[in-house]
Amino acid sequence: MNIETEELGKAVLVKVSGRMDAENSHEFEQACEQWVARGTKHLIADLDGLQYVSSMGLRSFLSVAQRLQSESGSLMLCGLHGLPRQVFELTRLIGLFQVFDTAQQALATL
Amino acid sequence: MDSAAQRLTLPASVESVALFREFVRSGAVVAEVPSEELEKLDLVLEEILVNVARYAYLPGNGSAEVAFAPDGPGKLHVEISDWGNAFNPLDAEPPDFSRGLAERPIGGLGVFLVRSLVSDIAYRREQDRNVLSFGFPGPGA
């Protein structure tokens with residue numbers, strides 16, 4: 001898994017690519033946590049390059065989203081496709097997130 | 001499972017999951033499981049084996065066995081065993097989908113995903129071991 005972050009004005013873009021599994025999903029949480037600790041309210045996770053996510057990865061998404069919501073912020077998702085999208089749909093987590101095709105669309109809602 | 005099954009036993013740890021996945025993947029390719037299903041097979045194996053690694057034993061204290069055999073065209077029969085305390089993961093309550101983000105429990109999604117992606121999943125206690133068996137791909141494939 002590779003994680004890159006970029007400040008986009010009102011939000012921080014977190015680009016996740018590769019495989020998010022039991023061994024590395026904590027890295028996503030840590031990357032998000034660093035921005036939240038600095039006062040960032042809105043994160044946009046760009047999942048276009050994400051090929052695989054297991055329930056441990058889902059826990060990380062849920063945990064970050066709950067933390068941000070408790071601080072009146074949000075974790076938005078974009079670029080979700082393939083097996084990761086199917087996993088979000090099967091577990092019905094998809095209805096708990098704001099999901100967009102692109103990061104620009106997510107950013108436009110802020 | 002018949003004697004033609006292939007078996008691999010490794011320490012029950014998160015680090016073993018990748019080796020187990022490669023092992024079953026190689027059998028899935030030979031059995032001509034459709035290539036687009038292989039990531040789902042990885043997911044099923046990770047979910048079950050991480051559970052075994054976390055809950056079957058004290059850390060670093062036991063092993064897990066994965067066995068598989070072809071089960072008709074494009075299909076595998078898989079059995080995953082451990083020698084920990086009797087535990088049926090299929091007894092887990094399904095996730096509560098009615099809850100919103102703030103109240104949604106963080107756990108319990110793994111077993112639900114496994115059930116969604118395989119066929120004929122069953123648990124049995126066989127002497128001193130837990131055996132979880134299933135067919136792959138599931139009916140939705």
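Leaving aside neighbours within four places in sequence, A:Leu107 is in contact with four residues, A:Leu8, A:Lys10, A:Ala11 and A:Ile44. The structure described here is a predicted model, and A:Leu107 offers a convenient way into chain A. This leucine lies in helix H4 of chain A, which covers residues 103-108. Its link to A:Ala11 spans a long stretch of the chain: the two residues are 96 apart in sequence, yet their C-alpha atoms are 7.0 Å apart in space. Is A:Leu107 buried or exposed? The answer falls in between, because A:Leu107 has 18 C-beta neighbours inside 10 Å and so counts as partly exposed; the cut-off for a buried residue is 20 or more.

From here the view widens to the sheet of chain A. Five strands of this chain form an open sheet with mixed pairing, and their order is S1-S2-S3-S4-S5. Strand S1 (2-8) and strand S5 (98-100) of chain A stand at the edges; each has a single partner strand, so one side of each is left without a neighbour in the sheet. From one strand to the next, the twist averages 25°. Within the sheet, strand S3 (residues 42-53) of chain A pairs with strand S4 (residues 74-78) of chain A in the parallel sense, over five bridges. Here A:Leu43 stands opposite A:Leu75 of S4(A). As general background, side chains in a regular strand alternate between the two faces of the sheet. Helix H2 of chain A, made of residues 55-70, lies across S2 (11-20), S3 and S4 of chain A, and runs at about 135° to S4(A).

Chain B also has paired strands, and strand S3 (residues 76-82) of chain B is a good place to start. This strand is mostly covered, with six of its seven residues buried. Which strands does S3(B) pair with? One partner is strand S2 (residues 63-70) of chain B, which is antiparallel to S3(B) and joined to it by seven bridges. The other strand to describe is S5 (residues 129-136) of chain B, which also runs antiparallel to S3(B), with seven bridges between them. B:Asp82 takes part in both pairings: its bridge partner is B:Ala64 on the S2(B) side and B:Asn130 in S5(B). The hairpin of S2(B) and S3(B) has five residues between the strands, and in it B:Gly72 takes a positive phi near 90°.

The helices of chain B complete the picture. Helix H2 of chain B (residues 38-55) has 18 residues and reaches 26 Å from its first C-alpha to its last, close to the 26 Å expected at 1.5 Å a residue. H2(B) is mostly covered, as 14 of its 18 residues are buried. The axis of H2(B) comes within 9 Å of that of helix H3 (residues 109-117) of chain B, and the two cross at roughly 140°. That angle makes H2(B) oblique to H3(B), and the crossing is left-handed. On the H2(B) side, the contact is made by B:Lys40, B:Leu43, B:Val44, B:Glu47, B:Ile48 and B:Asn51, while H3(B) brings B:Gly110, B:Leu113, B:Val114 and B:Leu117.

Finally, the two chains meet. At this interface, 21 residues of chain B are in contact with 20 residues of chain A. Which elements of chain B give two or more residues to the side that touches chain A? They are H2 and H3 of chain B. H2(B) gives the most to this side, with seven residues.

Notes. Residues are numbered from 1 along each chain as its sequence is written. Chains are lettered from A and ligands numbered from 1 in the order in which they are written. This is a predicted model: local features need pLDDT of at least 70, side-chain atom pairs count only at pLDDT 80 or more; totals for chains, interfaces and linings use all residues. Two strands pair if DSSP finds at least two bridges between them. Helices (H or I, at least four residues) and strands (E, at least two) are DSSP runs, numbered from the N terminus. Axes are lines fitted to C-alpha atoms, for helices over the stretch in contact, and angles run from 0 to 180 degrees between N-to-C directions. Two residues are in contact if their C-beta atoms, placed from the backbone, lie within 7 Å. A residue is buried if 20 or more other C-beta atoms lie within 10 Å of its own, exposed if 12 or fewer, and partly exposed in between; C-beta atoms are placed from the backbone. The expected span of a helix is 1.5 Å times one less than its number of residues. Angles under 35 degrees count as roughly parallel, over 145 as roughly antiparallel, 65 to 115 as roughly perpendicular and the rest as oblique. A crossing is left-handed if the near helix is turned anticlockwise from the far one by less than a right angle, and right-handed if clockwise.
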